[in-house]
Amino acid sequence: MQATIPESKSETTRRRIVESAAHVLRNRGLSGTKLADIAAEAGIFAGSMYYHFKSKEHLVEVVMIEGMNRNTRYIRSKVKQLGARANPLAKLRAAIFAHVEYMLQGDDCSSAVARVFQDLPEDMRRRVTTKAYRS
(Lines give C-alpha, C1' and ligand atoms only; values in the text may rest on other atoms or scores of the structure.)
Protein backbone atom coordinates (compact mmCIF):
# COMPACT_ATOMS: atom_id res chain seq x y z
CA MET A 1 0.00 0.00 0.00
CA GLN A 2 1.37 3.38 -1.02
CA ALA A 3 1.07 6.26 1.43
CA THR A 4 -0.41 9.46 0.07
CA ILE A 5 1.69 12.58 0.36
CA PRO A 6 -0.22 15.49 1.85
CA GLU A 7 -0.69 18.53 -0.38
CA SER A 8 1.41 21.58 0.29
CA LYS A 9 -0.34 24.82 1.20
CA SER A 10 0.42 26.11 -2.30
CA GLU A 11 -1.12 23.01 -3.93
CA THR A 12 -4.20 23.30 -1.74
CA THR A 13 -4.61 26.97 -2.66
CA ARG A 14 -4.09 26.24 -6.36
CA ARG A 15 -6.72 23.50 -6.25
CA ARG A 16 -9.14 25.83 -4.44
CA ILE A 17 -8.59 28.51 -7.11
CA VAL A 18 -9.27 26.02 -9.92
CA GLU A 19 -12.47 24.82 -8.25
CA SER A 20 -13.55 28.42 -7.59
CA ALA A 21 -12.82 29.42 -11.19
CA ALA A 22 -14.83 26.46 -12.43
CA HIS A 23 -17.78 27.45 -10.24
CA VAL A 24 -17.70 31.06 -11.44
CA LEU A 25 -17.25 30.05 -15.09
CA ARG A 26 -20.14 27.61 -14.81
CA ASN A 27 -22.44 30.28 -13.41
CA ARG A 28 -21.32 33.42 -15.25
CA GLY A 29 -19.76 32.23 -18.48
CA LEU A 30 -16.42 33.31 -19.89
CA SER A 31 -17.18 36.98 -20.50
CA GLY A 32 -18.90 37.35 -17.11
CA THR A 33 -16.00 35.88 -15.15
CA LYS A 34 -13.54 38.27 -13.55
CA LEU A 35 -10.40 37.37 -11.61
CA ALA A 36 -11.74 39.36 -8.66
CA ASP A 37 -14.83 37.11 -8.58
CA ILE A 38 -12.71 33.98 -8.63
CA ALA A 39 -10.44 35.33 -5.89
CA ALA A 40 -13.44 36.19 -3.72
CA GLU A 41 -14.88 32.71 -4.24
CA ALA A 42 -11.50 31.18 -3.31
CA GLY A 43 -11.11 33.44 -0.28
CA ILE A 44 -7.87 35.08 -1.43
CA PHE A 45 -6.75 38.46 -2.76
CA ALA A 46 -6.98 38.87 -6.53
CA GLY A 47 -3.26 39.68 -6.79
CA SER A 48 -2.39 36.39 -5.08
CA MET A 49 -3.77 34.49 -8.05
CA TYR A 50 -0.76 35.51 -10.13
CA TYR A 51 1.46 33.42 -7.87
CA HIS A 52 -0.36 30.33 -9.16
CA PHE A 53 -1.50 31.37 -12.67
CA LYS A 54 0.12 33.80 -15.10
CA SER A 55 -3.22 35.11 -16.42
CA LYS A 56 -6.97 34.58 -16.48
CA GLU A 57 -6.51 32.76 -19.78
CA HIS A 58 -4.03 30.36 -18.21
CA LEU A 59 -6.45 29.64 -15.35
CA VAL A 60 -9.32 29.08 -17.80
CA GLU A 61 -7.18 26.63 -19.76
CA VAL A 62 -6.37 24.71 -16.56
CA VAL A 63 -10.07 24.52 -15.68
CA MET A 64 -10.98 23.33 -19.18
CA ILE A 65 -8.27 20.66 -19.21
CA GLU A 66 -9.24 19.45 -15.72
CA GLY A 67 -12.92 19.29 -16.66
CA MET A 68 -12.22 17.34 -19.84
CA ASN A 69 -9.90 14.95 -18.02
CA ARG A 70 -12.41 14.29 -15.23
CA ASN A 71 -15.11 13.56 -17.77
CA THR A 72 -12.79 11.27 -19.72
CA ARG A 73 -11.80 9.34 -16.59
CA TYR A 74 -15.47 8.89 -15.69
CA ILE A 75 -16.31 7.63 -19.18
CA ARG A 76 -13.38 5.22 -19.19
CA SER A 77 -14.36 3.84 -15.78
CA LYS A 78 -17.92 3.15 -16.96
CA VAL A 79 -16.73 1.46 -20.15
CA LYS A 80 -14.16 -0.57 -18.20
CA GLN A 81 -16.93 -1.91 -15.95
CA LEU A 82 -18.35 -3.72 -18.98
CA GLY A 83 -15.22 -5.82 -19.24
CA ALA A 84 -12.86 -6.50 -22.10
CA ARG A 85 -15.25 -8.89 -23.83
CA ALA A 86 -18.12 -6.40 -24.18
CA ASN A 87 -19.11 -5.71 -27.74
CA PRO A 88 -18.14 -2.37 -29.29
CA LEU A 89 -21.73 -1.14 -29.53
CA ALA A 90 -22.29 -1.72 -25.81
CA LYS A 91 -19.06 0.14 -25.08
CA LEU A 92 -20.11 3.04 -27.29
CA ARG A 93 -23.54 3.24 -25.62
CA ALA A 94 -21.92 3.17 -22.18
CA ALA A 95 -19.48 5.90 -23.18
CA ILE A 96 -22.22 8.16 -24.56
CA PHE A 97 -24.44 7.62 -21.53
CA ALA A 98 -21.53 8.21 -19.14
CA HIS A 99 -20.57 11.43 -20.95
CA VAL A 100 -24.10 12.82 -20.75
CA GLU A 101 -24.53 11.62 -17.16
CA TYR A 102 -21.30 13.30 -16.06
CA MET A 103 -22.11 16.55 -17.85
CA LEU A 104 -25.48 16.67 -16.09
CA GLN A 105 -24.42 15.45 -12.66
CA GLY A 106 -20.68 16.02 -12.57
CA ASP A 107 -18.71 18.80 -10.98
CA ASP A 108 -18.18 22.47 -11.75
CA CYS A 109 -15.08 21.80 -13.89
CA SER A 110 -16.91 19.61 -16.39
CA SER A 111 -19.94 21.90 -16.34
CA ALA A 112 -17.68 24.89 -17.00
CA VAL A 113 -16.36 23.10 -20.09
CA ALA A 114 -19.90 22.66 -21.37
CA ARG A 115 -20.73 26.29 -20.65
CA VAL A 116 -17.69 28.12 -22.03
CA PHE A 117 -15.73 25.86 -24.41
CA GLN A 118 -17.45 27.27 -27.51
CA ASP A 119 -16.57 30.82 -26.34
CA LEU A 120 -12.84 30.14 -26.15
CA PRO A 121 -10.61 31.56 -28.88
CA GLU A 122 -9.80 28.92 -31.50
CA ASP A 123 -6.11 28.70 -30.54
CA MET A 124 -7.05 28.11 -26.89
CA ARG A 125 -9.54 25.39 -27.86
CA ARG A 126 -6.79 23.63 -29.81
CA ARG A 127 -4.35 23.86 -26.89
CA VAL A 128 -6.95 22.64 -24.41
CA THR A 129 -8.02 19.62 -26.45
CA THR A 130 -4.42 18.71 -27.22
CA LYS A 131 -3.33 18.93 -23.58
CA ALA A 132 -6.47 17.32 -22.14
CA TYR A 133 -6.23 14.15 -24.13
CA ARG A 134 -2.52 13.70 -23.48
CA SER A 135 -2.96 13.68 -19.70
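I started with the lining of the largest cavity: its residues divide into 4 nonpolar, 1 polar and 1 charged. Nonpolar here is Ala, Val, Leu, Ile, Met, Phe, Trp, Tyr, Cys and Pro, charged is Asp, Glu, Lys and Arg, and the others, Gly among them, are polar. The residues are Leu35, Met49, Tyr50, Phe53, Ser55 and Lys56.

A note to self: this is a predicted model, where local features need pLDDT of at least 70 and side-chain atom pairs count only at pLDDT 80 or more, while totals for chains, interfaces and linings use all residues. Residues are numbered from 1 along each chain as its sequence is written, and side-chain values use heavy atoms, with hydrogens and water left out.

I searched the whole structure and got 1 cavity of 30 Å³ or more; the largest has a volume of about 30 Å³. On a 1 Å grid over the protein atoms alone, a cavity is a set of points where a 1.4 Å probe fits but cannot get out, a pocket is an open set with protein on both sides within 12 Å along at least five of seven lines, and lining residues have an atom within 4 Å of a point. Points are joined across faces, edges and corners, and a volume is the space filled by probe spheres set on them.

Next, the largest pocket, at about 160 Å³. I found its lining to be Glu7, Glu11, Arg14, Arg15, Val18, Glu19, Val62, Glu66 and Arg70. That makes 2 nonpolar, no polar and 7 charged. Helix 1 gives the largest share, 5 residues, and helix 4 (56-80) also supplies at least two. Helices are DSSP runs (H or I, at least four residues), numbered from the N terminus.

Then I looked at helix 1 (residues 9-28) against helix 6 (residues 108-116): their axes come within 8 Å and cross at roughly 40 degrees. Axes are lines fitted to C-alpha atoms over the stretch in contact, with angles from 0 to 180 degrees between N-to-C directions. The pair is therefore oblique, the term for what is left once under 35 degrees is roughly parallel, over 145 roughly antiparallel and 65 to 115 roughly perpendicular. Among the residues in contact (heavy atoms within 4.5 Å) are Val18 and Glu19 of helix 1 and Asp108 and Cys109 of helix 6.

Last, helix 4 and helix 5 (residues 88-105): I have them packing at about 140 degrees, axes 8 Å apart. They are therefore oblique as well. Arg70 and Tyr74 are among the helix 4 residues that meet helix 5. The contact has 8 nonpolar, 2 polar and 4 charged residues.
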